[in-house]
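Reader: Hello! I am new to this structure and would love a close look at one part of it, with enough of the surroundings to see how that part fits in.

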Amino acid sequence: MTYDALLWLSFGGPEGPDEVMPFLENVTRGRGVPPQRLAEVAEHYQHFGGVSPINRLNREAIAAVEKELAARGMDLPVYFGNRNWHPMVEDTVARMAADGVKRALVFPTSAYGGYSACRQYDEDIARARASVGRDAPELRKLRQFFDHPLFVGAVADAVRVAHAELGGQARTVFTAHSVPLAADAAAGPPEEGGHRYSRQVAEAARLVAAELGIDGYDVVWQSRSGPPEVPWLEPDVVDHIDALHAEGVPAVVVCPVGFVSDHLEVIWDLDNEAAERAAELGMGFARSATPNSDPRFAELVVELVREHTADVRERKLSQLPAAGSTVNGSPCAVRCCEPLKRPTAAARAR
Ligand SMILES: CC1=C(CCC(=O)O)c2cc3nc(cc4[nH]c(cc5[nH]c(cc1n2)c(C)c5CCC(=O)O)c(CCC(=O)O)c4C)C(CCC(=O)O)=C3C
Ligand SMILES: [Fe+2]
């Protein structure tokens, strides 16, 4: 199959103080996130002058991928679009259509399955195509890569570096974005029994630990949102640091295996909140780098592209499915990662 372009599809983030609230309104529209939580999160962004690094990091990653494509003689222009902030994916897909793109691959900046990490990107693709109309290009999403050797290798090397900073004795703690328990239960096709997101996160952690020969490690969650009465994946990373301290663990290496770049959930929730708690407890703390900063990340993206353009065989280290490669935003399977019933359907209508 031939493709005319690659669409880099990400979450988006504000790039100035006035953009924080409109961005947060886009993220949380109709999702029942309490105003109190929204105000708190807005404050996290304001600590950084209202600028999330996520767009800059995506632009840097795209530049690295463009270099890698050029080095391989692959002629594939890369476009950048986001779910929640400019450049909005609707505008980007409109530009692709105007440029004459008929068929493109899509790289979503998430390694995992589940509603927030996979299916919501399908919804973004479908929405963007619908807004462009008849001329919209065909869009095929690339697959989940949580167990790809280039991803696992980059994460493992970063964990090794973080351990070296602390000089032994540190517990390895993997963390990923929490999601509502109901969303995790609905992740994957129903016949698989759900929990595709948390299982893949656990599997990525296992693979990284195995590569490093670490046998004691933990998988925890972070950045919980939503109303307090709704159960989400636990334990929280900060509570877990307390628990490790109580057990006498002297230091932690925190690895944000659930994310690909140092965006706000990493630089605030880990480098600030989690690091501060460890410091209060007198524990050593190091946070491992995200794969975006490793040259293997660009190689990974190009290899995922080549699975579609050059018959490159899928490389994966686990037995769990790596789904997500569907056309025009269709789900991976019937009722796969079906979105939660939201409390206010009316508020969700745009
Ligand atoms: C699984 C997952 C990923 C990983 C997969 C992926 O990377 O796509 C992820 C990434 C990210 N989440 C991000 C930011 C936010 N997520 C929020 C809220 C939520 N995230 C959720 C899940 C996830 N989120 C969920 C279930 C909610 C509740 C609301 C809802 O049901 O949708 C909120 C609302 C405020 C709040 O935190 O309450 C914000 C601001 C940013 C950008 C950071 C920056 O700007 O630098 C990134 C990369
Ligand atoms: Fe999030």
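Reader: At which residues does UniProt place the feature "binding site"? Please take me there and then show me what lies around.

Author: Happy to! Please keep in mind that this is a predicted model. The UniProt record, an unreviewed entry, places the feature "binding site" at His 177 and Glu 265. These two residues are spread over 89 residues of sequence, yet they cluster in space, with a largest C-alpha distance of 8.2 Å. His 177 is found in strand E5, which covers residues 170-177.

Let us start with the sheet that holds this strand. E5 belongs to an open sheet of four strands in the order E6-E5-E7-E8, and the pairing is parallel. Strand E6 (217-222) and strand E8 (284-287) stand at the edges with a single partner strand each, so one side of each has no neighbour in the sheet. From one strand to the next, the twist averages 25°. Strand E7 (residues 251-255) runs parallel to E8, and four bridges join them. If you would like a pair to look for, Val 252 stands opposite Phe 285 in E8.

Helices pack on this sheet as well. Helix H6 (residues 149-166) touches E5, E7 and E8, and its direction makes about 160° with that of E7. Helix H8 (residues 196-212) lies across E5 and E6, running at about 140° to E6. In the loop between H6 and E5 you will find Gln 169. Its phi is near 70°, a positive value in a residue other than glycine. Another spot to visit is the peptide bond from Glu 234 to Pro 235, which is cis, with omega near 0°. Pro 235 lies in the loop between E6 and helix H9 (237-246).

Now step back to the whole protein. It is divided into domain 1 (5-145 + 293-348) and domain 2 (149-291). The centres of the two domains, taken over C-alpha atoms, are separated by 22 Å. Where they meet, 41 residues of domain 1 are in contact with 36 residues of domain 2. On the side of domain 1 that touches domain 2, the elements giving two or more residues are H2, helix H3 (54-71), H5 and H12. H12 gives the most to that side, with five residues. By class, this side of domain 1 has 21 nonpolar, twelve polar and eight charged residues.

Next comes the ligand. Domain 1 and domain 2 both give residues to the shell around ligand 1, so the ligand lies between them. In total, 25 residues surround ligand 1, and the closest are Gly 13, Ser 52, Ser 225, His 263 and Leu 264. Four helices each supply at least two residues of this shell: helix H1 (20-28), helix H2 (35-46), helix H5 (115-132) and helix H10 (264-267). The largest share, three residues, comes from H1. Sorted by class, the shell has ten nonpolar, twelve polar and three charged residues.

Let us follow H5 into another sheet. Here four strands form an open sheet in the order E2-E1-E3-E4, with parallel pairing. Strand E2 (78-82) and strand E4 (138-141) are the edge strands, each pairing on one side only. The twist averages 30° from one strand to the next. Strand E3 (residues 103-108) pairs with E4 in the parallel sense over four bridges. Here the pair to look for is Arg 103, which stands opposite Glu 138 in E4.

H5 lies across strand E1 (5-10), E2, E3 and E4, running at about 175° to E4. Helix H12 (residues 295-309) lies across E1, E3 and E4, and runs at about 140° to E3. So you meet H5 in three places: across these strands, in the shell around ligand 1, and on the side of domain 1 that touches domain 2.

One last stop is a cis peptide bond that joins His 86 and Pro 87, with omega about -5°. Pro 87 is found in the loop between E2 and helix H4 (89-98).

To retrace the tour, return to His 177 in E5, and then find the ligand between the two domains.

Terms used. Residues are numbered from 1 along each chain as its sequence is written. Chains are lettered from A and ligands numbered from 1 in the order in which they are written. This is a predicted model: local features need pLDDT of at least 70, side-chain atom pairs count only at pLDDT 80 or more; totals for chains, interfaces and linings use all residues. A residue is near a molecule or strand if its C-beta atom, placed from the backbone, lies within 6 Å of it. Ala, Val, Leu, Ile, Met, Phe, Trp, Tyr, Cys and Pro count as nonpolar, Asp, Glu, Lys and Arg as charged, and the others, Gly among them, as polar. Domain bounds come from an automatic or database domain assignment. Two strands pair if DSSP finds at least two bridges between them. Axes are lines fitted to C-alpha atoms, for helices over the stretch in contact, and angles run from 0 to 180 degrees between N-to-C directions. Two residues are in contact if their C-beta atoms, placed from the backbone, lie within 7 Å. UniProt positions are given in the numbering used here, feature names are shortened, and annotations may be inferred rather than shown by experiment.
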